[in-house]
Amino acid sequence: MMVGYVAYLVLALVVVMFLSAAIRILREYERGVVFTLGRFTGVKGPGLIILVPFIQQMVRVDLRVVVQDVPPQDVISRDNVSVKVNAVLYFRIVDAERAIIQVEDFMAATNQLAQTTLRSVLGKHELDEMLAERDKLNNDVQEILDQRTDAWGIKVSNVEIKHVDLNESMVRAIAKQAEAERLRRAKVINADGEQQAAAKLVEAGRMLSAEPQAMQLRYFEALHDIAGERSSTVVFPLPVDLLSQFLKQGGAK
């Protein structure tokens, strides 16, 4: 009798072990790459998966977007400036079969490829482009990575350059350049203002010369402004026509 209970117990344990080894549950974002006696036999999931114990093996693959930090890379720009650049990589698996079969470790392979691509792409641009055209550089790196990882069943959705670190001497040089640029703009704006003011003065002179009475009225208005400032300056109005007569007489002599 005791032997019968032990036999039933052993049988129940075998059944439980068989079911635990045979039954797999995959979540909505997971897929299972199944191998039968070492050969690829298909991708299954999500949901309930039945495997043949000791004959079939399954590798779980997560299809969610992976966020990976690209370590800082030493980059020499096209204008021979040394900088440190790091970035963030966003990718996901679109083909579980290729991600498991074509590459040993797709996470490490993608990270290493991102590092080399980042150095290669940024090395073709000048420092000003790295600082001002990050969106364009992000798109260039993303397109190259997406093409190279397509054979691994990986889709690179986005690449974002986080920091471009410069040494102190280069920071000071950029600050001097920015200050010089601001001074240049100030001088250009001042020159444009003088040019516009000169053009307006010429236009005003033409309008006043067309009407002599307008000149007299403008002259009286200037005297009124001077008198209103409570200044001790004494102003003697002197007609311009009188001066012109003296100048003509002096030239005749």
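Arg 185 and Glu 181 both belong to helix H6 (residues 168–210), where they are four residues apart, about one turn of the helix. In this predicted model, the two side chains form a salt bridge, with the closest N and O atoms 3.2 Å apart. Glu 181 counts as partly exposed because its relative accessibility is 28%.

Salt bridges that share partners also join Arg 27, Glu 30 and Arg 60 into one network. Within that network, the side chains of Arg 27 and Glu 30 meet at a distance of 3.5 Å, N to O. The burial of these two residues was examined separately. Arg 27 has a relative accessibility of 49% and therefore counts as partly exposed, whereas Glu 30, with a relative accessible area of 10%, is buried.

A further salt bridge links Glu 126 with Arg 78, and the closest N and O atoms of this pair are 3.7 Å apart. Glu 126 lies in the loop between helix H3 (106–122) and helix H4 (127–132), while Arg 78 lies in the loop between strand E6 (66–76) and strand E7 (82–93); the pair therefore ties together parts that are 48 residues apart in sequence. Glu 126 is partly exposed, as its relative accessible area is 31%. A search of the whole structure finds eleven salt bridges, among them the pairs Arg 185 with Glu 181, Arg 27 with Glu 30 and Glu 126 with Arg 78. In general terms, side chains of opposite charge can pair when their charged atoms come close.

Aromatic rings were considered next. One aromatic pair is found in a search of the whole structure. The pair consists of Phe 35 and Phe 40, whose ring centres are 6.3 Å apart; the ring planes meet at 70°, so the arrangement is edge-to-face, the cut-off for this class being over 60 degrees. Phe 35 counts as buried because its relative accessibility is 17%, whereas Phe 40, at 31% relative accessibility, counts as partly exposed. An aromatic ring also takes part in a contact with a charged group: the charged end of Arg 64 sits over the ring of Tyr 29, at 3.8 Å from the ring centre.

Attention then turned to the N-terminal part of the chain. The UniProt annotation "transmembrane region", taken from an unreviewed entry, covers residues 6–26. Over residues 6–26 the chain of the model is 81% helix and 19% strand, and the C-alpha atoms at the two ends are 35 Å apart. A nonpolar surface patch of about 1100 Å² is made by ten side chains' worth of residues named as Tyr 5, Tyr 8, Leu 11, Val 15, Phe 18, Leu 19, Ile 23, Ile 25, Leu 48 and Ile 50. Helix H1 (2–22), strand E1 (23–26) and strand E4 (47–50) each supply at least two residues of this patch. H1 provides the largest share, six residues. Val 15, one of the patch residues, is found in helix H1 and counts as partly exposed because its relative accessibility is 40%.

Several features of the backbone were also identified. The peptide bond from Gly 45 to Pro 46 is cis, with omega near 0°. Pro 46 is placed in the loop between strand E3 (39–44) and E4. Leu 37, although not a glycine, has a positive phi of about 50°. Leu 37 is located in the loop between strand E2 (30–36) and E3, and with a relative accessible area of 66% this residue is exposed. Asn 80, likewise not a glycine, has a positive phi of about 60°. The position of Asn 80 is in the loop between E6 and E7, and a relative accessibility of 67% means that Asn 80 counts as exposed. For context, most residues other than glycine have a negative phi, and most peptide bonds are trans.

Finally, a spatial relation was computed for Asp 140, a residue of helix H5 (residues 134–149). Asp 140 and Val 159 are separated by 19 residues in sequence and by 9.1 Å in space, C-alpha to C-alpha. Asp 140 is partly exposed, as its relative accessible area is 22%.

Definitions and conventions
Residues numbered from 1 in each chain as written. Predicted model: local features only at pLDDT ≥ 70, side-chain atom pairs only at ≥ 80, totals over all residues. Heavy atoms only, no water. Phe/Tyr/Trp six-rings, centres within 6.5 Å; stacked < 30°, edge-to-face > 60°. Buried < 20%, exposed > 50% of the residue type's maximum accessible area, 1.4 Å probe, protein only. Lys NZ or Arg CZ within 6 Å of the ring centre and 35° of its normal. Salt bridge = Lys/Arg side-chain N within 4 Å of Asp/Glu carboxyl O. UniProt positions renumbered as here; feature names shortened; annotations may be inferred. Patch = residues over 30% accessible without salt bridge, like charges linked within 9 Å, V, L, I, M, F, W, Y side chains within 5 Å. Areas by Shrake-Rupley, 256 points an atom, 1.4 Å probe, with all protein chains shown as cover.
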